[in-house]
Structure formats: structure tokens, C-alpha cells
Amino acid sequence: MTEITRLFDFPYYQLEKHNLDAALVTKYDGEWKATSTKEYLDKANTVSRALLKLGINKNDKIAVISTTNRTEWNIMDIGILQVGAQNIPIYPTICAEDYEYVLNHSESIYCFVSDQEVYDKVKKVQASTQLREVYSFDHIEGCKHYSELFELGKDESNQSQVEVRKDAVLPSDLATIIYTSGTTGKPKGVMLTHRNITSNALNASERLPVMGAGTRVLSFLPICHIFERVLIYIYQYAGTTVYFAEGIDKIGDNAREIKPNLMSVVPRLLEKVFDKIMAKAEELSGIKKGLFHWAVRLGEKWEPYGQNGTWYEFKLKIANKLIFSKWRAALGGELTTMVSGSAALQTRLSRVFSAAGMKVMQGYGLTETSPVVSVEMYEGSLFKIGTVGKPINNVEVKIADDGEILIKGPNVMKGYFKDPEKTASVMSGDYFHSGDKGEIDDNGFLKITGRKKEMFKTSGGKYVIPTLLENELKQSRFIEQIMVVGEGEKMPAALIQPNFEFIQDWIERKEKNVGKSGEEIAHSEIIQKRIQREVDKCNKKFGKWEQIKRFEMTPDVWSIDGGHLTPTMKMKRSVIKDIYIDLYNKIYEH
């Protein structure tokens, strides 16, 4: 049996153990096309032979940029890794200048892109990089197609050289450099070894529900991020069929087509799904509307393991039959588990979706920890609302005196590429300093309480943890994004991006005399008063010194393209403050 110590061992293990007819499935021209485990490996080996003919040496860097997850990405990943080179995944949504920075900093010499849009951005900066050639997965005029590698690697006479290269790859060798979408400054290149990622995938796999042949997974979170990438390796290990969604906007359609049993999500997606469900409920009337809201209220009280008693469980069965079954149908009808990462999940959403039979397992991790540190699992009483579960095997977590989460294990990165100073600044011996604050309860569950750097002091010397207030307020359907401010100021305040879509519907339903443009909503006294009610409700849960005293609404949507958010949807706080400095000054009357 193949022992898994390097990333390319995963598909070989799958070939021995499961040998799937449909290992990876991507939609082309409206049709799902399956690639078997054998074809996947045959193509990866062909790519490896071609790369050797192109003169790729051990430790050469090859960039891969794909707008959506697709089979080709995985073939390239294995093809690159087994010749001892490194796969440099790049976020497709960053600007051309950031492409240039990452391509140069990583010293990438070849680049594989998915489509025209990505190709255009790379082409714009190619002359300023060390790139020898760019290949595309889609057919693009003027760009070499990646099938040229299959032609080049067709001759199997150098397969023995591929085997020699494979055997020479050590678990301690560098596998990838992942550039984190920093909320400040230039992205950092996180160096992860084969051991970092394989150990993490194997240890984290113990926390996923039983999977195997016949289990269907829908993959749509960016594979360039380590969270989804590790899950793909876990799925290969478990022998499940992975379907790659056509895009974030097609998740509902794709889920209904393939009926997934499991998928990974980010809180933002669940918030949007929930908002859409609630908006549809407003169209109901009479008893149907009453039943719907009864079911949601019931769901909001859900506790795991039948802790609410038999009467509650009886009512939940009725709610499931009448209401929640329709929610499940909208996502294919067979989804039982969602794994959530990258940001804090509202406890209300965790309860409601779990009550609806789609349990949400929260996990915690960072790119620097490959990424999984802890994750929930329903079996074995490893699930607790409001926590991110218990640390996985072989990963040690301790809380520093100042509340910071420190992590030790085989999953902790090798360091930041070309930046020993920054590496040293986040390491104490074998412990990585996460920058997150947290606590471990008496039962060993980890709870995240905020970011160390994001905590600030008002001019009165009182500490405020903005994420606690933000997570509370984001539960309001009127609020899409919120950033709590007030460092060095007399009081906490907030910049709020209203949920324009929901508010436009609300204006119609309530027949309010308010214009529907972003500007009109942001300047409307009616909307201001309505959101003030949400803020007042939130403030009751916090001490006087941390309550939001004033807020201003922004007229536009905070987005990745607008520079407000990182590719993983985290707020760039300093950028947002700069963009809305006039609103900030208005709050504090500078």
C-alpha cells in the first residue's frame, strides 16, 4: 500500500484503494465530464514528462491561476510536484500589479491560466517577469494550450526520469508557496512542505464524516487557498467523487444537478443563502408564512445531541417535513454536512442549518498551519455551537498569557519565502503565533474571540474587540458588512455597508418613500433609523464602553475589486478607513 508522505502520493493511494471511474468531474459546454483515477494519473505523468523536456529542474516554480476549480488544476498540481518543482497558486481576482509581484517574488518561470480574463492580466505584466511561457486551459487566441504538454509528454521514454525525480522528493521538501491575501501591505509567501500538508490532510480527515465510493462532494471555494486544496487531497484519500462547481453564482444549480453529500463553505455564503431563503419567505402569506417563521424560530434554538428534549425533537420533525425539506431540496436534497472555515460563523446560522439537517462543522486554521488546527465533528461529541471544535491529532494549541492562540505541530509552515525576519517574528521555538485570540473551555473546545491586532483602545483607555460587535451586527439582514472603528477616539463607532438587495425588497414590501440607489439608501433617514434599531439591540449585549455610539452608511458595495476585501473576503481595515475617511471624520467631527 502506498504510504502517503508527499502530496502526489494521494492519487496513487486512491488508485490502489478505490480506483474511481469518476475521481474529478468538471462541466464543459454544459456537460459534466468525469476523469477516472487512472486517467488523472496518466495525464499527471504525461505533464511531468513534458516538464522535464521543457528543462524543469528540482525547486523550479510554476504558477497556476484558475478562475474556477477544475480537473486541469489537479493534473498540473501532481505533474509539477512529482518532478520536485513547486506549484505556486495565485488568486485569480487580484490585480495585474499583484500578479507581477507574486510571479517575480516566487521566481515563477512558467504560468498556467484558466481563461481569457486571467490571461489578459498575466500578459499585461509578462514582460516584467521571468516567465518563459504562458499556457491556458481554455482555448485562447495567441496563447499556447495546455494540451501541448500532452503532445510533448506523449513519448514515455523519459518516464524513468520522472520516477527518479519522484523518489528524490522528500517529505521535508518544499511543495508550494501560497501568497496570503494580506489585509495590509504586500502578500507574504507561506512556504509549505509535503509533510506540512500531508500530515494535516491525514489528521484532519479523521474529523470528516464517513466517506467513500458513491460520496459526492461539491467543490467551489478557491483551490488556490490551502483550505479547499487540503480538502481535495482528503477527498482523494477517502475515495470520493469531486465535482467542481461552475462558479459561486451556479452553486445552487450545480448542487441540484449532482446532489452533493458534503461541501465546504465560508460564512459569507451561508449568510447569502439564508438571506435569500428569508427574502422568499416574505412572499408567503397566511398560514404558510406563519409556519415558515415558526420553523426558523425553532431552528434558532437548536442544540446538538437532542439536548432540547423529546418535545423539541418532535416539533423539529414537523418543521423538517414541512419547511426544512424545501431548503435541502434547493441544495440537491442529499447534503448532510458542510465544513465552514476562513471566518467566524454566526451561531444562529450554525443552529438553523443544523436543525434543517445540514450540519455545519466549523473549523479553524491559517495558511501558515496548512491550514487545519481544529474542526468540529458530530460523531463522538466533538460538536459544540460557538466553538471551532477541538484541535486535531498531532496539533497542539496553547493560549498565551495575552490570550493569543499558539500552535505547534508538523503542519506549521517552513517560514515566509525570502523573509527570515518576518518568520522569526511569528515563531517562539516550535510555536507559531497566530495573531488570533481565543480560549479553550473545560472540555477542550477552542473558541476564537478576536484578532490580537484588531483589538483597540479608546482614548479613555478601554479595550474594544471589534469582531465581537461586528459578528453580532452582521446577523441583521439590513447589514451586509460592518467595520467597528474608534482606536484612540473617545468612543467606538461603525462604518456600515447596508444590505442593498434586502433593503430594496424591504422598501417595496413596506411601501417606504425611499429611493433604491446606493446613495439614496445610505442617505435615507428612514433606513438610518431602521439600522439604529439593530445597533441598539446589539449594544444591549455589550458593556457601555464598547457600545457603538454612532455609525455612517457607505453608498457602495464593499468588494474585492473595489479594494475593500481580500480574495478570502476579509476586510482591509486600513483601506476601508481611507476610502471612507470623510465619513470617519464626520463621525468624530475631525
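**Salt bridges, strands and a cavity**

Trainee: Does Lys250 count as buried, partly exposed or exposed, given its relative accessibility of 31%?

Mentor: Happy to start there, keeping in mind that this is a predicted model. Buried needs under 20% and exposed needs over 50%. With its 31% relative accessibility, Lys250 therefore counts as partly exposed.

Trainee: Which residue forms a salt bridge with Lys250, with the closest N and O atoms 3.9 Å apart?

Mentor: The cut-off for a salt bridge is 4 Å, and the closest N and O atoms of this pair are 3.9 Å apart. The partner is partly exposed, with a relative accessible area of 31%. The residue bonded to Lys250 in this way is Glu246.

Trainee: How far apart in sequence are the parts that Asp402 and Lys452 tie together?

Mentor: Asp402 and Lys452 form a salt bridge whose closest N and O atoms are 3.0 Å apart. Asp402 counts as partly exposed at 36% relative accessibility, and Lys452 counts as partly exposed at 34%. Asp402 lies in the loop between β17 (396-399) and β18 (404-408), and Lys452 lies in the loop between β22 (446-451) and β23 (456-457), so the parts they tie together are separated in sequence by 50 residues.

Trainee: Which residues are joined into one network by salt bridges that share partners?

Mentor: Let's go back to Lys250 for this one, whose salt bridge with Glu246 we have already met. Through shared partners, salt bridges make one network of Lys27, Glu246, Lys250 and Glu257.

Trainee: Which residue forms a salt bridge with Arg70?

Mentor: The structure's count comes to 37 salt bridges, and in this one the closest N and O atoms are 2.9 Å apart. It links distant parts of the chain, 68 residues apart: the loop between β3 and α3 (71-81), which holds Arg70, and the loop between β6 and β7 (144-145). Arg70 is buried at a relative accessible area of 8%, whereas its partner counts as partly exposed at 31%. That partner is Asp138.

Trainee: How many of the six residues of strand β5 are buried, and why is the strand said to be largely enclosed?

Mentor: Strand β5 covers residues 108-113. The strand is called largely enclosed by the rest of the structure because of its count of buried residues, which is six of the six.

Trainee: Which helix does the chain pass through between β5 and β6?

Mentor: First, the neighbours: strand β3 (residues 61-65) pairs with β5 in the parallel sense over five bridges, with Lys61 opposite Ser108. Strand β6 (residues 133-136) also pairs with β5 in the parallel sense, over four bridges, and there Tyr110 stands opposite Glu133. The crossover from β5 to β6 is of the β-α-β kind and right-handed, and the helix, at residues 116-125, is α5.

Trainee: Which strands are the edge strands of the open sheet of nine strands?

Mentor: This sheet has mixed pairing and the order β2-β1-β11-β10-β12-β13-β14-β15-β16. An edge strand pairs on one side only. Here the edge strands are β2 (31-35) and β16 (390-391).

Trainee: Which residue in β14 is the bridge partner of Thr337?

Mentor: Strand β13 (residues 337-340) and strand β14 (residues 359-365) run parallel, joined by four bridges. In β14, Thr337 has as its bridge partner Lys359.

Trainee: How far apart in space are Ile226 and Thr369, C-alpha to C-alpha?

Mentor: Ile226 belongs to helix α9 (residues 226-238) and counts as buried at 0% relative accessibility. In sequence, Ile226 and Thr369 are separated by 143 residues. In space, their C-alpha to C-alpha distance is 9.4 Å.

Trainee: Which element supplies the largest share of the lining of the largest cavity?

Mentor: The structure holds one cavity of 30 Å³ or more, and about 80 Å³ of space lies in the largest cavity. Its lining has 14 residues, with Glu271, Asp275, Gln346, Lys474 and Ser476 nearest the centre, and it divides into three nonpolar, four polar and seven charged residues. At least two lining residues each come from α11 (267-281), α14 (347-355) and β25 (479-485). The largest share, four residues, comes from α11.

Definitions and conventions
Residues are numbered from 1 along each chain as its sequence is written. This is a predicted model: local features need pLDDT of at least 70, side-chain atom pairs count only at pLDDT 80 or more; totals for chains, interfaces and linings use all residues. Side-chain values use heavy atoms; hydrogens and water are left out. Buried means under 20% relative accessible area, exposed over 50%, partly exposed in between (1.4 Å probe, protein chains only). Two strands pair if DSSP finds at least two bridges between them. A crossover is right-handed if, with the strands pointing away from the viewer, the path from the first strand over the helix to the second runs clockwise. On a 1 Å grid over the protein atoms alone, a cavity is a set of points where a 1.4 Å probe fits but cannot get out, and a pocket is an open set with protein on both sides within 12 Å along at least five of seven lines; lining residues have an atom within 4 Å of a point. Grid points are joined across faces, edges and corners, and a volume is the space filled by probe spheres set on the points. Ala, Val, Leu, Ile, Met, Phe, Trp, Tyr, Cys and Pro count as nonpolar, Asp, Glu, Lys and Arg as charged, and the others, Gly among them, as polar. A salt bridge is a side-chain nitrogen of Lys or Arg within 4 Å of a carboxyl oxygen of Asp or Glu.
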